[in-house]
There are 2 protein chains.
Amino acid sequence: MHKKDEYMLRDLSEVELLELADLFKMFADSTRIKILYDLFDGEKNVTEICEDIEMNQSAVSHQLKALKTAKLIRSRREGKSIKYSLDDDHVKTIIAMGKEHIEE
Amino acid sequence: MHKKDEYMLRDLSEVELLELADLFKMFADSTRIKILYDLFDGEKNVTEICEDIEMNQSAVSHQLKALKTAKLIRSRREGKSIKYSLDDDHVKTIIAMGKEHIEE
DNA sequence: TGAACATATGATAATATATTCATATGAACA
DNA sequence: TGTTCATATGAATATATTATCATATGTTCA
């Protein structure tokens with residue numbers, strides 16, 4: 001059960017476990033889920049996202065940063081605004097799985 | 001974008017969004033992920049889980065309760081001990097998806 | 001260049017969450 | 001029945017997280 005004094009559960013190391021938990025934290029907040037789900041439609045800028053999910057700009061920007069750090073979304077500048085989009089196909093799958101679970 | 005004054009993002013209601021976030025909260029803590037991952041092997045009692053993940057009994061019991069409330073695990077008594085097991089196939093899929101994401 | 005717009009960020013306060021400790025509950029068996 | 005083993009639970013503390021406010025940064029265009 002151990003490898004070089006580091007906790008390990010089968011093929012999942014302690015580090016990977018923490019990374020997994022951090023990843024799922026991104027889905028563990030309704031504001032962030034709203035943002036991710038909103039981006040299912042495709043690329044949107046911050047203002048659009050704020051309007052869609054009815055949250056203020058600062059809160060949204062903070063969460064966008066968290067999602068970007070987690071590599072779930074990416075951004076690019078277009079003129080004055082910044083366009084955000086999903087950066088990983090797993091996002092849709094993970095949310096879909098969660099949706100199936102709660103619908104049972 | 002609205003339905004009877006209730007926030008709605010396409011086919012996902014505000015209530016469902018909160019349920020989704022609550023579900024993913026279960027995966028957003030390394031102790032709980034360890035427990036879930038430990039149960040990939042099959043049914044285990046509390047003492048075994050504590051040993052496997054190297055956490056004290058009280059902490060594990062508290063988290064088992066949370067996971068059970070979320071319907072991710074189930075339990076049955078067998079003599080003096082209580083056996084826990086996964087209660088949903090989505091658990092494995094969700095963790096697998098997360099694992100793929102962090103491995104990229 | 002400077003005004004207007006879009007987004008990001010730091011600090012703070014409010015809230016939520018996890019672990020620990022002490023103790024309770026419940027089953028088994030001598 | 002009462003002692004032991006296994007698990008659950010309540011309270012308290014410590015820590016993490018989120019939204020808000022104020023302000024900073026960066027872009028466009030007159």
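**Figure 1. Backbone approach of Gly79(B) to DNA strand C in the predicted model.** A sugar or linking oxygen of DNA strand C lies 3.4 Å from a backbone N or O atom of Gly79(B). The model shown in this and the following views is predicted.

**Figure 2. Side-chain approaches of Thr47(A) and Ser58(B) to DNA strand C.** In the side chain of Thr47(A), an N or O atom is 2.3 Å from a phosphate oxygen of DNA strand C. The side chain of Ser58(B) addresses a base instead: one of its N or O atoms is 2.5 Å from a base nitrogen of DNA strand C.

**Figure 3. Protein surface near DNA strand C.** The strand is surrounded by 25 residues, of which Thr47(A), Ser58(A), Tyr84(A), Asn56(B) and Ser58(B) come nearest. Of the atoms of DNA strand C that come within 4 Å of the protein, 64% belong to sugar and phosphate. Both chains contribute to this surface: at least two residues each are supplied by helix H3 (46–53), helix H4 (57–69) and strand S6 (81–86) of chain A, and by H2 and helix H4 (57–69) of chain B. H4(A) provides the largest share, with 5 residues. By residue class, the surface near DNA strand C comprises 13 polar, 7 charged and 5 nonpolar residues.

**Figure 4. Interface of chain B and chain A.** Each side is given by its contact residues, 46 from chain A and 46 from chain B. Together the two chains bury about 4100 Å², with 66% of this area on carbon and sulfur atoms.

**Figure 5. Salt bridges and polar contacts across the interface of chain B and chain A.** There are 2 salt bridges across this interface. One of them, between Glu14(B) and Lys34(A), has its closest N and O atoms 3.2 Å apart. Polar contacts link 8 residue pairs across the interface, both residues being at pLDDT 80 or more. On the side of chain B that touches chain A, strand S2 (6–9), helix H1 (14–25), helix H2 (30–38), helix H3 (46–53) and helix H5 (89–102) each supply at least two residues. The residues of that side of chain B comprise 22 nonpolar, 18 charged and 6 polar.

**Figure 6. Relation between chain B and chain A.** Chain B is superposed on chain A by a rotation of 180 degrees, with 0.0 Å of shift along its axis and an RMSD of 0.0 Å. The two copies are therefore related as by a two-fold rotation axis. The same surface serves both copies, as 100% of the contact residues of chain B recur in chain A.

Note on methods. Residues numbered from 1 in each chain as written. Chains lettered and ligands numbered in written order. Predicted model: local features only at pLDDT ≥ 70, side-chain atom pairs only at ≥ 80, totals over all residues. Heavy atoms only, no water. Contact = heavy atoms within 4.5 Å. Buried area = accessible area lost by both parts, 1.4 Å probe. Salt bridge = Lys/Arg side-chain N within 4 Å of Asp/Glu carboxyl O. Polar contact = N/O pair within 3.5 Å; in protein donor to acceptor, adjacent residues only side chain to side chain. Helix = DSSP H or I, 4+ residues; strand = E, 2+ residues; numbered from the N terminus. Nonpolar A, V, L, I, M, F, W, Y, C, P; charged D, E, K, R; others polar. Near = heavy atom within 4 Å. Least-squares fit on C-alpha atoms with pLDDT ≥ 70 in both.
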